Amino acid sequence: MAPPLMELRDITKRFPGVLANDSVSLSIEPGEIVALLGENGAGKSTLMNVVYGLLSADKGEVRIEGDAVHIRSPRQAIDLGIGMVHQHFMLVPPLTVTENIVLGNEPAHAGVIDFSQAREAVRDISKRYGLAVDPDAVVQDLSVGMQQRVEILKALYRGARILILDEPTAVLTPQEVKGLFEVVRSLVTEGLSVVFITHKLEEVMGLADRVVVMRDGRVVGETRPSETDMAGLARMMVGREVVFRVEKKASGRGDTILEVDDLKVLDERGLEAVKGVSFEVCTGEIVALAGVGGNGQTELVEALTGLREAVGGTISLKGKDFTHAAAREIIAAGLSHVPEDRHRRGLVLDFDLSENVILGDHRRAPFARHGVLDFAAVTDVARKRIADYDVRTPSERVKASALSGGNQQKLVLARELGRDPDLLVAAQPTRGLDVGAIEFVHSQILAERDRGKAVLLVSLELEEIQILADRILVIFEGRIVKEFAAGEASDEDLGYYMTGGSGEKLAFDAEEVRSADDGVDA
Amino acid sequence: MTESMHEMTIRRLLAIVRELAVPIVSVVIAMVIGSIIMLISGFDPVAAFSALLKGSFGGGRQIGETMLRATPLMFTGLAVAYGFRAGLFNIGAEGQLFMGGLSAAWLGIVLAGLPRPLNIVLMILAGAAIGAAWAFIPALLKARVGAHEVITTMMFTYIGRYIVSWLVTGPLKAPGQIPQTDVLPTESTLPKLHEVTAFLPISRAHLGFAIAVVLAMFVWWVLKYTSLGYESRAVGYNPWASETGGISVSATTVKALCISGALAGLAGVTEVMGVHLRLFDQFSPGFGFTGIAVALLAKNNPIGVIAAAILFGALSAGGGTMQLEAEVPQKVIFVIQALIIFLVAAEQIARWIIGRASREGVEHAG
């Protein structure tokens, strides 16, 4: 029998205090799509970074077609036919698609780059693999999905036979995910092998030929999507049963907490991003704002939370006008905010956990008196919140940057919900989290609603919206174009209005997702 | 949470050791390279360093000299460090220092005849205020229109220096040929340390040193234990998260740069009140800029600033003895200072050496 295309044997990689990879072995056959599934911090990216020469393993070996190889740099990995597309793209934004693709391997005569040859080469590859792209477009003008396509073309141009995709769908819209899946399928029919790192179960079910599950640095199982279901994968990945649909009681809608009337907000470039939006959020209900990213959600949330000036309309909280209030006043009025970007807006990563827990309340008793912090009180509350919100950490004196993504988000929730707000504005609260953490965040948001609080949820994930929302508002190009009651709209209906109600209905792998879900519910 | 007190103590000690490792290794490497340079140039590094040590810590007078020279660096080091903690690079400490010196030289004459403790307090407060004021305009420009403080504080340094230059050659010039102000009356000066404490040997060190040390501890406390310090650090680490947490980034920026300016102003006040007793054009050989190096070496920790300033003070105090006794040019001191700054700035070099050493240690043990 021929040796596998690539084989990893007993790869072990230790970081100070963490065993990131513990004797990991796996093999990849030609023309195969392998999903590397695991929670954040399970060691998936570490393993692939070892393969790509970005990290060196402490033990173990990599074999390509049976030959042991020592990969010390990405350059060597590329020469061996391994290509990797990182979660954060490595493109030069002001350069064109062609320039980006040939960068490092420019066809040149006597030091002069032959651009017509380069353009030809890009066109050839793009045609061969069915990855349509304009070779002369400037990368910074492209959508995120297109930029990813350029990254894939770059790897192919360098002769990749094995393509590693690190969380490729994290930054994509549902339509772009669908497009990516098609691209991956066409790549394997051309004989490539694809390894994709993910923590999303539906992607594994919809795309992979084979799935390798990692937990705590070890391979804990290997299976085929046809031989398992989402519940089975989740159990392997998390190590326990996972509830997909959190219990939800009927909404006890009460008084109006937030009232937004004809709100207009500008974006960074001074263009109107929110074009006259009106809605209200009441106690005991979750109002979800559904939409494709970049349709004004970010600006709307920033205006509500005092981070961006509104240029028109009004915002009132509990009947008082807060249109031009500062963030500090809005927090004091009872609004808590889980920001969409927890690294940039949610946490001070260099602060320890207790310092992060008091952010926003750091001038108030019991944390501060006459401008002096009371660290005994701070530590007490921090410990209590860390325990209440299940933040996994050795102590409250650890820097926030040392936590995993899920625990960081729990820390944000611990602060924002621990304040006991009247209104929670949660923007993409589960972005980048694994199933265990998503389950936790969802149950906390529902608990707020059941305690009679008002919740505004902004999400790009239709599944999340369907699970949590009591009312759904669809936003498109800065306007609310449709309102649904819970359970009234299918994913297709939502997708239809999210894309302006004119284009084709979204038909991403909703069928597969639903059938897998049924298995869980039963 | 399950961690025992004992483990926590050990972990904190280890963290402190890790923090100290880079500055200490940098200083050692700088001295080694300095020795190599001396060897190549035909000097005896052992003789040079023992003379250096003798000149800086060899006796009461020498220690006093080290303290004297460390004093202004402690103030400017604190100034730059506080700015850095809030994400601001106050490169203009020199200008704030000149304005502080100016206020002391003028006020000291005006207040002649009043009780000494009163004069000292008033002159210190005035110097801090004018230092803060000199930083306020760049701070306002930063907060309002985003003008970068590196440019504006630097420009204000030139303005400050030339104002002093003009005043000491014109309106405030004392009678005589030399462009300098009148000498301060005794009640407007800082006492020598041996005058206020019975047990210290006679030296040139003045009360400014004690003030600087106490202030460094106070600044450390402010940064760590007050809402003001918390907000400064939060903005320095992550202005976006601070804004989301209801902190006004522009107000915090203005406050931090003014505090920085006040600290730098005190360097000028104490130099005038404790050392020169008058003001002249060249009264600071760039203490404001050396303060940047002090802050870097201290890794912006106010307590570290005390140690870093004493080190730089010792190098400066011992340099003369080194030249005299080992016949090594004093310029070698500047080379070593420059190397220390270079190595601290290029922290990775020291980290790499530390990493290698500990790895080899592990291999030898195993």
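This is a guided tour of a predicted model with two chains in view, A and B, moving from one selection to the next.

Residues are numbered from 1 along each chain as its sequence is written, and chains are lettered from A, with ligands numbered from 1, in the order in which they are written. Because the model is predicted, local features need pLDDT of at least 70 and side-chain atom pairs count only at pLDDT 80 or more, while totals for chains, interfaces and linings use all residues.

**Stop 1: the six-stranded sheet of chain A**

Select strands 18, 21, 22, 15, 23 and 24 of chain A, which form an open sheet in that order with mixed pairing; helices (H or I, at least four residues) and strands (E, at least two) are DSSP runs numbered from the N terminus, and two strands pair if DSSP finds at least two bridges between them. The edges are strand 18 and strand 24 (479-485) of chain A, each of which pairs on one side only. Neighbouring strands here are turned by 20 degrees against each other on average, direction ignored, where axes are lines fitted to C-alpha atoms, for helices over the stretch in contact, and angles run from 0 to 180 degrees between N-to-C directions.

Now narrow the selection to strand 21 (residues 423-427) of chain A. How many of its residues are buried? The count is 5 of the 5, so strand 21 of chain A is largely enclosed by the rest of the structure; a residue is buried if 20 or more other C-beta atoms lie within 10 Å of its own, exposed if 12 or fewer, and partly exposed in between, with C-beta atoms placed from the backbone. A:L423, A:V425 and A:A427 point one way from the strand, and A:L424 and A:A426 point the other way. In a regular strand the side chains alternate between the two faces of the sheet.

On one side, strand 18 (residues 335-338) of chain A is joined to strand 21 of chain A by 4 bridges in parallel, with A:A426 as the bridge partner of A:V338. Strand 22 (residues 454-459) of chain A also runs parallel to strand 21 of chain A, over 5 bridges, and A:L457 stands opposite A:A426. Continue to strand 15 (residues 286-290) of chain A, which is joined in parallel to strand 22 of chain A by 5 bridges; there A:I286 has A:V455 as its bridge partner.

Add helix 15 (residues 435-450) of chain A, which together with strands 21 and 22 of chain A makes a right-handed β-α-β unit: with the strands pointing away from the viewer, the path from the first strand over the helix to the second runs clockwise. Helix 15 of chain A lies across strands 15, 21 and 22 of chain A, at about 150 degrees to strand 22 of chain A. Helix 14 of chain A lies across strands 18 and 21 of chain A, at about 170 degrees to strand 18 of chain A.

**Stop 2: the four-stranded sheet of chain A**

Select the open sheet with the order 14-13-16-17 in chain A, where the pairing is antiparallel. Its edge strands are strand 14 (272-282) and strand 17 (320-321) of chain A. Strand 13 (residues 256-266) of chain A is joined to strand 14 of chain A by 8 bridges, and A:K264 stands opposite A:K275. Helix 9 (residues 297-304) of chain A packs on this sheet, touching strands 13, 14 and 16 of chain A.

**Stop 3: the core and the contact between chains**

Colour the largest nonpolar core, which has 257 residues, those with the most contacts inside it being A:V51, A:L457, B:L78 and B:V305; such a core is a set of buried Ala, Val, Leu, Ile, Met, Phe, Trp, Tyr and Cys residues joined through C-beta atoms within 7 Å. Helix 3 (residues 60-85) of chain B gives the most to this core, with 13 residues. Centre on B:L78, whose contacts beyond four places in sequence include B:L215, B:V219 and B:V305; two residues are in contact if their C-beta atoms, placed from the backbone, lie within 7 Å.

Finally, select the contact between the chains, which takes 17 residues from chain B and 25 residues from chain A. Helix 9 of chain B gives the most to the side of chain B that touches chain A, with 5 residues. Helix 9 of chain B is mostly covered, with 9 of its 11 residues buried, among them B:Y230, B:E231 and B:R233.
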